[in-house]
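This briefing covers nonpolar packing, one buried serine and the disulfides of the chain shown here.

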Amino acid sequence: QVQLVESGGGSVQAEGSLRLSCAASGISVNRRCVGWFRQAAGKEREGVAVIDSILGTYYADFAKGRFTISKDHTQNTVSLQMNSLKPEDTAMYYCAIAGREYWCPGGVTKTSWVHAWGQGTQVTVSS
C-alpha cells in the first residue's frame, strides 16, 4: 500500500523558514517524480515544486528563489525547504508521487501524473 506522510508544517512569522518532509512507503521515490502542492482556504490546489526522475527541479513562479525541493532515495523521502515565507504562503501542503517511473508531464503545472497524495501538513505564516 502506497503511503505518503508529511511533516514539518507549523506556524511561523513572515520571513521565517520551514522545512517540510515527506516519507514514502510502498513505493520508491527513486526514478519517480515527486512534488509538493498546496491549497489555501477557498482556493484551488496549485503546484509548488517538483523534482523529476533525473533530479531536475521545477518551481512555481512564487516559489523560485525561496523554496528548494530535494529527495533522498536512500531514505525514500522528499523535502521542501521554504525560506522567506510570506503570509500568502499559508496553506495545506501536500506531497505527491508519480506511479510511473520517468513520467510526470506538465510537472508542477499538472496533477494528472500523480498516483498518490499525502494527507497534508498545514503551514501558517503570520505578518
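The points below are grouped by topic. The model is predicted, so local features require pLDDT of at least 70 and side-chain atom pairs pLDDT 80 or more, while totals for chains, interfaces and linings use all residues. Residues are numbered from 1 along each chain as its sequence is written, and side-chain values use heavy atoms, leaving out hydrogens and water.

**Nonpolar cores**
- The largest nonpolar core (buried Ala, Val, Leu, Ile, Met, Phe, Trp, Tyr and Cys joined through side-chain atoms within 4.5 Å) has 28 residues, and W36, L80, M82 and Y93 have the most contacts inside it.
- Strands (DSSP runs of E, at least two residues, numbered from the N terminus) that each supply at least two residues of this core include β3 (18-25), β4 (34-39), β8 (77-82) and β9 (91-98).
- A second, separate core of nine residues includes F37, V50, A98 and C104.

**S79**
- S79 lies in strand β8 and counts as buried (under 20% relative accessible area, 1.4 Å probe, protein chains only) at 9%.
- Leaving aside residues up to four places away in sequence, S79 touches (heavy atoms within 4.5 Å) R19, L20, S21, W36, T68, I69 and S70.

**Disulfides**
- There are two disulfides, defined as pairs of cysteine sulfur atoms within 2.5 Å.
- C22 and C95 have sulfur atoms 2.2 Å apart, and their link is left-handed at -85 degrees about the S-S bond.
- This pair joins strand β3 to strand β9 across 73 residues.
- C33 and C104 have sulfur atoms 2.0 Å apart, with a left-handed link at -60 degrees.
- C33 lies in the loop between β3 and β4 and C104 in the loop between β9 and β10 (114-117), so the pair ties together parts 71 residues apart in sequence.
- The pattern is 1-3, 2-4, with bonded cysteines counted along the chain.

Technical notes:
Buried means under 20% relative accessible area, exposed over 50%, partly exposed in between (1.4 Å probe, protein chains only). Helices (H or I, at least four residues) and strands (E, at least two) are DSSP runs, numbered from the N terminus.
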